[in-house]
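Subject: Handing over the structure

Hi there,

Here is the structure I promised to pass on to you. Have a look at it first, and then read on for a tour of what turned up.

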Amino acid sequence: MMNSHARDHILEALRQNPEISVLIIGAGINGIATFRDLALQGMDVLLVDQADFCSGASAASSHMIHGGIRYLENGEFRLVREAVRERNNLLQNAPHYVKPLATTIPIFKWFSGLFNAPLKFLGLLNKPTERGAVVIKIGLLLYDAYTRLQGTVPVHTWAFRKQSLEKYPQLNPAIKCTATYYDAMIPTPERLCIELILEAEAASPGARALNYMRVIATDKTSVRLKDEFGDEALLVKPKIVINAAGPWIDFANGALGLITRMVGGTKGSHLVLDHPQLHSALGGQEFFFENKDGRIVLLFPLMDKVLVGTSDLRIDDPSEARCTQEEVDYFLSMIEKVFPQIKVADADIVFTFSGVRPLPSSASSQTGQISRDHKIEVIEPGEQLDFPILCLIGGKWTSFRAFSEEVSNVVLERLGLKRLVSTEHLAIGGGRGYPRDDNARDALLTHWVEETALPRQRLITLFERYGTRFKEVASFIGAGRDEALREHAAYSRREISYLVREEKILHLDDLVLRRSLLAMLGELTPELLEELAQIVGESLGWSEEETHAEVKRTAAILQDKHNVSLGINRNNP
Ligand SMILES: Cc1cc2nc3c(=O)[nH]c(=O)nc-3n(C[C@H](O)[C@H](O)[C@H](O)COP(=O)(O)OP(=O)(O)OC[C@H]3O[C@@H](n4cnc5c(N)ncnc54)[C@H](O)[C@@H]3O)c2cc1C
């Protein structure tokens with residue numbers, strides 16, 4: 001019950017004293033990172049999300065922490081320089097969740113797209129095409145130039161057709177060559193988000209985060225919040241509001257009585273495939289290539305599955321984003337283009353997801369060319385509102401820290417405060433004290449085998465899941481009678497209880513979709529969901545009806561948003 005008590009405690013404190021320095025609307029990566037930065041400066045700041053933490057655009061990314069090589073062509077040099085630096089920082093600060101990723105581009109033409117970049121700079125080209133080897137080579141040389149300074153990842157390499165086919169025998173023999181460069185991936189972005197939140201709350205007693213709390217209205221000085229778990233509205237009086245609602249920014253401004261048109265999002269979908277042959281053909285690398293019309297496709301090993309994405313389609317309401325059959329067909333045809341001998345079918349899909357990029361409002365007909373950079377748009381106080389609103393537009397997952405630092409600096413300046421802490425080289429969560437080589441890792445594990453008496457293999461699993469936070473999880477597990485889950489031996493009852501107690505889980509789907517990869521990797525069965533619901537319910541004090549309702553709710557979300565059918569709602573009306 002620790003979790004709900006903590007929530008009740010926050011709610012009660014806000015009822016007693018509704019005055020806060022900063023209210024952040026939206027707990028995607030940008031709101032969360034700003035929350036952490038402000039908390040580290042010792043500020044009182046409230047972060048709220050209408051749903052769970054990291055459940056919007058931030059849960060729907062391609063899971064790449066990348067410099068954005070293709071933004072060079074749009075002339076976005078500032079963005080690439082910043083993103084490469086942030087990627088390198090994340091490899092150092094969060095090595096438990098951000099891993100280097102070799103990325104191979106199969107190239108089918110020598111010269112295509114040669115004049116794209118100069119023509120784009122001159123504003124004479126508005127239609128992307130598939131790039132040929134020469135253009136890609138120039139792009140990679142430029143990218144290396146940005147990367148080389150910090151030396152965190154190697155420079156690119158080049159292989160001609162024969163050599164490429166030797167290395168990747170399943171590749172389309174029509175290729176001319178392949179280029180391999182290095183970026184990074186983040187298989188569990190949601191977990192990094194929860195760690196940032198917990199760290200922020202620990203850093204400042206005035207830093208408080210509430211999921212399932214929606215901003216619904218304002219009366220000039222106060223903002224009205226609706227708690228999904230309570231009937232009573234909560235009023236807070238902020239000095240500054242940060243609108244970090246991502247693709248919902250204009251909707252959130254609307255709730256505050258303002259009509260704006262700041263973002264014009266595009267939808268991107270992904271598939272997760274259970275396909276060992278394709279997984280093995282990727283050789284542990286990402287494959288990144290372009291369709292004839294310049295649309296990007298990526299194939300990416302996500303644990304033992306394969307992630308495929310992405311599309312870039314205009315959409316009006318971000319809440320409506322779903323992966324359609326048309327997108328599925330398109331992705332499967334793209335896989336066939338690069339690996340023609342590998343047959344992939346709808347039946348291999350274990351999970352789909354879709355989200356909306358919070359791009360700045362733009363009239364461009366080519367969505368790929370809308371800037372991926374970020375900016376702050378300020379709505380000053382006026383007749384309608386007593387407080388300013390800082391709206392966070394755009395941005396990439398990769399550059400969240402730099403963006404949040406910019407936002408915090410504006411806040412600090414407006415409140416006449418000084419920055420106390422820089423986040424640039426600050427380790428995050430289970431990245432703190434992370435062993436730098438295998439020997440150090442082995443020594444750490446040996447120590448914890450003695451400390452907790454848990455089997456070494458179990459500790460390795462926990463280390464891989466939580467980085468150095470495995471110590472806290474293992475201590476909790478070791479302090480009571482535990483057993484492996486009946487339906488999933490790699491998890492145990494006390495591990496699940498730990499997540500519920502410590503990580504602000506309020507619904508069953510928070511656990512299976514965001515605190516773990518259980519749903520995304522296609523590991524859920526009706527029996528496992530029931531078993532998990534019982535354990536979560538015991539910690540949160542759910543009745544039998546509530547437990548059953550949570551199972552149905554999760555199954556409905558999986559069906560509606562992720563094309564996963566567990567058959568639960570059909571069998572148990
Ligand atoms: C398909 C796709 C692929 C991408 N791939 C990559 C990639 O590989 N690498 C990369 O670096 N970036 C990538 N991005 C970009 C990156 O994911 C986003 O820019 C980033 O996640 C935006 O985060 P955010 O916090 O601004 O928005 P969000 O994560 O959407 O957060 C906004 C939050 O606000 C909440 N909210 C809305 N209204 C209210 C309200 N009234 N009250 C309370 N809360 C509210 C929502 O519930 C939501 O959780 C991708 C994006 C997409 C969509």
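A residue is called buried here when its relative accessible area is under 20%, exposed when that value is over 50%, and partly exposed in between. Please keep in mind as you read that this is a predicted model.

That cut-off matters straight away for Tyr146, which counts as buried because its relative accessible area is 19%. Tyr146 sits in helix H5, which covers residues 133-148. Setting aside neighbours within four places in sequence, its contacts are Leu72, Phe77, Val80, Arg81 and Val84. If you would like a sense of distance, take Tyr146 and Phe331: they are 185 residues apart in sequence, and their C-alpha atoms are 31 Å apart in space.

**The overall layout**

The protein chain is divided into three parts: domain 1 (2-57 + 190-263 + 372-414), domain 2 (64-80 + 91-187 + 265-361) and domain 3 (434-571). Between the C-alpha centres of domain 1 and domain 3 there are 28 Å. Where these two domains meet, 20 residues of domain 1 and 19 residues of domain 3 take part in the contact.

**The nonpolar cores**

The largest nonpolar core is made of 118 residues, and Ile242, Leu524 and Leu532 are those with the most contacts inside it. Helix H17 (residues 526-540) provides the largest share of this core, with seven residues. There is also a second, separate core of 29 residues, and among its members are Ile20, Leu23, Val263 and Ile379.

Which residues does Ile242 contact, leaving aside its neighbours within four places in sequence? They are Val22, Leu23, Ile24, Ile25, Thr34, Leu38, Leu390, Leu392, Val407 and Val411.

**A cavity to look for**

Rolling a probe the size of a water molecule over the atoms shows where empty space is left. In this structure, one cavity of 30 Å³ or more is present. About 60 Å³ of space lies in the largest cavity. To find it on your screen, pick out the lining residues: Arg36, Glu86, Asn89, Leu90, Asn93, Thr398, Phe400, Arg401, Thr423, Leu426 and Ile428. By class, this lining has four nonpolar, four polar and three charged residues. Helix H3 (77-93) and helix H11 (400-414) each supply at least two of the lining residues, and H3 gives the most, with four.

Helix H3 also holds Arg87. Is Arg87 buried or exposed? Arg87 is buried, because its relative accessible area is 0%. Beyond the neighbours within four places in sequence, Arg87 is in contact with Ile65, His66, Tyr143, Thr147, Val153, Tyr182, Asp183, Ala184 and Thr398. Thr398 also appears in the lining of the largest cavity. Arg87 and Leu392 are 305 residues apart in sequence, with a C-alpha to C-alpha distance of 20 Å.

**Ser269 and a cis peptide bond**

Next, please turn to strand E11 (residues 266-273), where Ser269 is found. Ser269 counts as buried because its relative accessibility is 0%. Not counting residues up to four places away in sequence, Ser269 touches Val308, Gly309, Thr310, Ser311, Arg322, Cys323, Glu327, Phe331, Phe353 and Ser354.

Two of those partners, Gly309 and Thr310, are worth a look for their backbone. Most residues other than glycine have a negative phi, and most peptide bonds are trans. The peptide bond from Gly309 to Thr310, however, is cis, with omega near -5 degrees. Thr310 lies in the loop between strand E14 (305-309) and strand E15 (313-314).

**Two residues with positive phi**

Where is Ala453 placed? Ala453 lies in the loop between helix H12 (438-452) and helix H13 (456-466). Although Ala453 is not a glycine, its phi is positive, at about 60 degrees. Ala453 counts as exposed because its relative accessibility is 68%.

Asn563 is not a glycine either, and it has a positive phi of about 55 degrees. You will find Asn563 in the loop between helix H18 (544-562) and helix H19 (568-571). Its relative accessibility is 46%, so Asn563 counts as partly exposed.

Enjoy exploring, and write back with any questions.

Best wishes

Terms used
Residues are numbered from 1 along each chain as its sequence is written. This is a predicted model: local features need pLDDT of at least 70, side-chain atom pairs count only at pLDDT 80 or more; totals for chains, interfaces and linings use all residues. Side-chain values use heavy atoms; hydrogens and water are left out. On a 1 Å grid over the protein atoms alone, a cavity is a set of points where a 1.4 Å probe fits but cannot get out, and a pocket is an open set with protein on both sides within 12 Å along at least five of seven lines; lining residues have an atom within 4 Å of a point. Grid points are joined across faces, edges and corners, and a volume is the space filled by probe spheres set on the points. Ala, Val, Leu, Ile, Met, Phe, Trp, Tyr, Cys and Pro count as nonpolar, Asp, Glu, Lys and Arg as charged, and the others, Gly among them, as polar. A nonpolar core is a set of buried Ala, Val, Leu, Ile, Met, Phe, Trp, Tyr and Cys residues joined through side-chain atoms within 4.5 Å. Buried means under 20% relative accessible area, exposed over 50%, partly exposed in between (1.4 Å probe, protein chains only). Contact means heavy atoms within 4.5 Å. Domain bounds come from an automatic or database domain assignment.
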